[in-house]
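Okay, thanks everyone, I'll keep this short. Let's get the structure up on the screen and walk through it together.

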Amino acid sequence: MSGSKEVELPEITTGTGVANAAKVILFNDEWHTFDEVINQIIKATRCGIDKAELLTWEVHNKGKSCVYDGDMPECLKVSNILEEISLNTKIEF
């Protein structure tokens, strides 16, 4: 078309937007030791020990914590790994 300006459209990405984000909630229990929870969080999320310790203390003090957020397939993987030792998790949107 003559005389029209070209409009630049934003790049579309998949799986990274807020609308697609899910989060893994880990709940406190009376059966697992701090070390067990810390080690399983590291295994599930591949975070460092400092972050895993902070998350474990948050679970202990508040009763629950969001230990991971991302796309649903990754949240399912993280949740499954946490549940390998019978930790109680929930995936929320």
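Before we start: when I say buried, I mean under 20% relative accessible area, and exposed means over 50%. And keep in mind that this is a predicted model.

So, let's begin with α2. Its buried residues are Ala52, Leu55, Thr56 and Val59. If you look down the axis of α2, those buried residues fall within an arc of 100°, so they line one face of the helix. Flip to the other side of α2 and you'll find Asp50, Leu54, Asn61 and Lys62 exposed.

What do the buried residues of α2 pack against? That would be β1, α1 and β2, the last of these being 64-70.

I also checked the geometry. α2 has 14 residues, so at 1.5 Å a residue it should span 20 Å, and its end C-alpha atoms are indeed 20 Å apart. Just after α2 comes Gly63, with a positive phi of about 90°.

Now, the core. Nonpolar side chains in soluble globular proteins tend to be buried together. Here, the largest nonpolar core has 16 residues, and the ones with the most contacts inside it are Val24, Leu26, Ile41, Val67 and Leu82. At least two residues each come from β1 (22-27), α1 (34-45), α2 (49-62) and α3 (72-83). The largest share, four residues, is from α1.

Let me zoom in on Leu82. Setting aside neighbours within four places in sequence, Leu82 is in contact with Val24, Gln40, Ile41, Ala44, Val67, Leu87 and Thr89.

That's it from me, happy to rotate the view.

Technical notes: Residues numbered from 1 in each chain as written. Predicted model: local features only at pLDDT ≥ 70, side-chain atom pairs only at ≥ 80, totals over all residues. Heavy atoms only, no water. Core = buried A, V, L, I, M, F, W, Y, C linked by side-chain atoms within 4.5 Å. Buried < 20%, exposed > 50% of the residue type's maximum accessible area, 1.4 Å probe, protein only. Contact = heavy atoms within 4.5 Å. Expected span 1.5 Å × (residues − 1). Arc of directions from axis to C-beta.
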